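Thank you all for coming; I would like to walk through one model this morning, going from a metal site to a few individual residues. Please have the sequence and the structure open while I speak.

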Amino acid sequence: MNPLLEKFDTPFETPPFHLIEPNHYLPAVKEAIKEAKAEIDRIKREVQPDFANTIEALDDCGARLNIVTGIFFNLNAAETNPEIQKLAREISPLVTSHSNDILLDAILFEKVKAVYEQRDTLPLDEEQVTLLEKTYKSFVRNGANLDDTGKQRLREIDAELSQLGLKFGENVLEETNKFELIIEDKEDLRGLPEGIVEAAAQTALENGKAGKWVFTLAYPSYVPFMTYADNRSLRKEMFMAYNTRASKGDELDNQDIIRDILRLKDERAKLLGYEKYAHFVLEERMAESAPKVLEFLEDLLQKSKPKADQEVQELQEFAKKLDGIDFLEKWDFSYYSEKLKKEKYEVDDEVLKPYFQLEKVVEGVFETAARLFDMAFVPNKEIPVYHPDVMAYEVQNKAGEHLAVFYADFFPRAGKRNGAWMTSFRGQKKSATGEQRPHVAIVCNFTKPTLTKPSLLTFNEVTTLFHEFGHALHGMLADGKYESLSGTSVYWDFVELPSQIFENWCYEKECLDLFATHYQTGEKIPGDLIQKIKQAANFHQGYQTVRQISFGLLDMNYHTADPSTIDDLFEFEQKAMEQTELLKPVGGTLMSSSFSHIFQGGYAAGYYSYKWAEVLDADAFELFLEKGIFDKATAESFRKNILSAGGRTHPAKLYKRFRGRDPKPDALLRRAGLV
Ligand SMILES: [Zn+2]
């Protein structure tokens, strides 16, 4: 008996974690793939393909596979062990090759295309039109319309790109780890916090340099060094090492790799009929086109640059007064910025934490959801969980009807990945046999309670909890017909709207008063502390905004340019970032050669989306500020048009339905204190 292949005999058909053993996964995945293939074969035999028997059927296909792999990969992230990891190396390729088989199936594509070609005559609603287009495009964007030579070339390009991306990342990693700043004189450690010094001594010990201190270019070492080290020339040394990674003309140099990646991406886009790689990417984004993204970035730059210049000017004066610095250099910015922030708005985490006891913050999150969307969270001990720390709730609507299952997994342990995320064990959909409601989870790494002290969160952890809960709402309130368009299955530059908007409630007194009370005295968080939190959050926002814009512009320039014209990367980068420079450029440095987001990760022609999502969340939240942060009508409109709508139509349309107009950057500029 394999419980993964039986009907789940648990409340709401939740995964029977108490019955699942690691050796159940592989046979279940294989069986589920077999089932899915049989469903695909049935679609391929349709003599008269239509919307229901082909497009809807395809969306419905592989239901068991989704559940089994959902459980497996969620556990591999939240509760893994060497056995599960080993299985993952076997299961991942099976799942990937199964989805490739579908997208490369010429007969299946023929059926899909036959339906797509009748689209103007079919009586389809909005959601069905989206499903049809999305399905058709997923094949076409993978080369289904190409002849055999074209298809083969596309495979070659993809294989080459994936190799180049890996190599790019390996080079960055090796360059990051290779460099060591070895400190022998204690004097050179001045300014650094004790914990950082200890870590550096530990690194030295591990690297065979006992009694010394070693700093590397890895984030947890580099960032504190640049922020706190008093020794200016050592800061410069670190800065230069960091900003010349993978650009020194040796075997770890990434410049040729970048040129190859850009050339291949351009070829791939042209092969599929797009003008530039950016056009290929942006076709499936809310932002829609390269000119629109560029206009967005330029507009934001124009509006935030004056404040950024002012901030740099103020910091220059501060550094002059403090240390007689005549020209603020790039390796000075974080250092003086931190000192100025401390002077102006010091908020100590230790002062704030007693107001944020985890249980109360969770109650506060639930209460916020209750006031906005009439949701109730009922703890349910009958629902199996994968670790005793995990809590399971049944989520109900106002009428007490079942909405979703919600799992909360808050504490770190061996076997859990770092960071915080939302995921789901099962999506939402409606079919002829009834509706399937979602099973959603948030996984975090918050400080565990001790025998004497409850779990007290930093403010950053509070916003993280609200952020992930916002994603969870998107999943729990889903109300679509098709799983592939439901919940968080939306365009990439739209998916952070529900999460980021929810963070805004943490800065509002009316919301904080619901839960932010001192765990010992019961006193509400003082208003001036809230004020300070807000000011600290906005500190140097001008500078940070311009910096993000500069990366966005560099990314867009690379992916809209003709790659044959990109020769000297130093020159190209400097030109692309020229108008965003706030401090004197430093010769010989290159950011591109370690810009892993766009050359290794999935952010190519997508870096703008960080700022894009902020514009959306600030603009959307301003409506709540106008009407009241718990205003029922505004919340209902947000639920209906955004949270429940998933990807049923283009996000620009959904947004307009909620806001009554297109998004404007003004609210973000106001919130960040830039105007
Ligand atoms: Zn997020």
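Before anything else, a word on how I name the elements: helices (H or I, at least four residues) and strands (E, at least two) are DSSP runs, numbered from the N terminus. What you see is a predicted model, in which local features need pLDDT of at least 70 and side-chain atom pairs count only at pLDDT 80 or more, while totals for chains, interfaces and linings use all residues. Residues are numbered from 1 along each chain as its sequence is written, and side-chain values use heavy atoms, with hydrogens and water left out.

Let me begin with the metal. Which residues are the protein donors of the zinc ion? They are His467 and His471, each through NE2, and Glu496, which is listed twice through OE, and they lie 2.1 to 2.8 Å from the ion. Donors here are N, O and S atoms within 2.8 Å of the metal (3.2 Å for Na, K and Ca), and since water is not among the atoms, sites may look incomplete. The 4 donor atoms subtend angles of 51 to 140° around the zinc ion, and the arrangement is therefore irregular. On the cut-offs, four donors count as tetrahedral if all angles lie between 85 and 135 degrees; four count as square planar and six as octahedral if opposite donors are over 155 degrees apart and all others between 65 and 115; anything else is irregular.

Along the chain, the donors of the zinc ion follow the spacing H-x3-H-x24-E. Because His467 lies in helix α17 (residues 459-476) and Glu496 in the loop between α17 and α18 (497-503), the pair ties together parts that are 29 residues apart in sequence. As for accessibility, buried means under 20% relative accessible area, exposed over 50%, and partly exposed in between, with a 1.4 Å probe and protein chains only. His467, at 14%, counts as buried, whereas Glu496, at 25%, counts as partly exposed.

I turn next to a pair of helices. Two packed helices are described by the angle between their axes and the distance between the axes. Helix α3 (residues 63-78) and helix α4 (residues 82-103) pack at an angle of about 140°, with their axes 11 Å apart; axes are lines fitted to C-alpha atoms, for helices over the stretch in contact, and angles run from 0 to 180 degrees between N-to-C directions. On the α3 side the contact (heavy atoms within 4.5 Å) is made by Leu65, Thr69, Phe72, Phe73 and Asn76, and on the α4 side the residues include Ile84, Gln85, Leu87 and Ala88.

Gln85, in helix α4, is partly exposed, with a relative accessible area of 37%. Leaving aside residues up to four places away in sequence, Gln85 touches Asn76 and Thr80. The C-alpha atoms of Gln85 and Ile55 are 30 residues apart along the chain and separated by 35 Å.

Now to a pair of residues that are distant in sequence. Where does Leu583 lie? Leu583 is in the loop between α22 (569-577) and α23 (596-599), and at 9% relative accessibility Leu583 counts as buried. Phe333, which lies in helix α14 (residues 333-345), is also buried, with a relative accessible area of 4%. Leu583 and Phe333 are 250 residues apart in sequence and 9.0 Å apart in space, C-alpha to C-alpha. Not counting residues up to four places away in sequence, Leu583 touches Val312, Leu328, Glu329, Lys330, Phe333 and Tyr543, and on that same basis Phe333 touches Val312, Leu315, His540, Tyr543 and Leu583.

Finally, I would draw your attention to the backbone at two places. Phe12 has a positive phi of about 55° although it is not a glycine; Phe12 lies in the segment before α1 (25-44) and is partly exposed, with a relative accessible area of 28%. Ala246 likewise has a positive phi of about 55° without being a glycine. Ala246 is found in the loop between α10 (232-242) and α11 (255-271). Is Ala246 buried or exposed? Ala246 is buried, with a relative accessible area of 0%.
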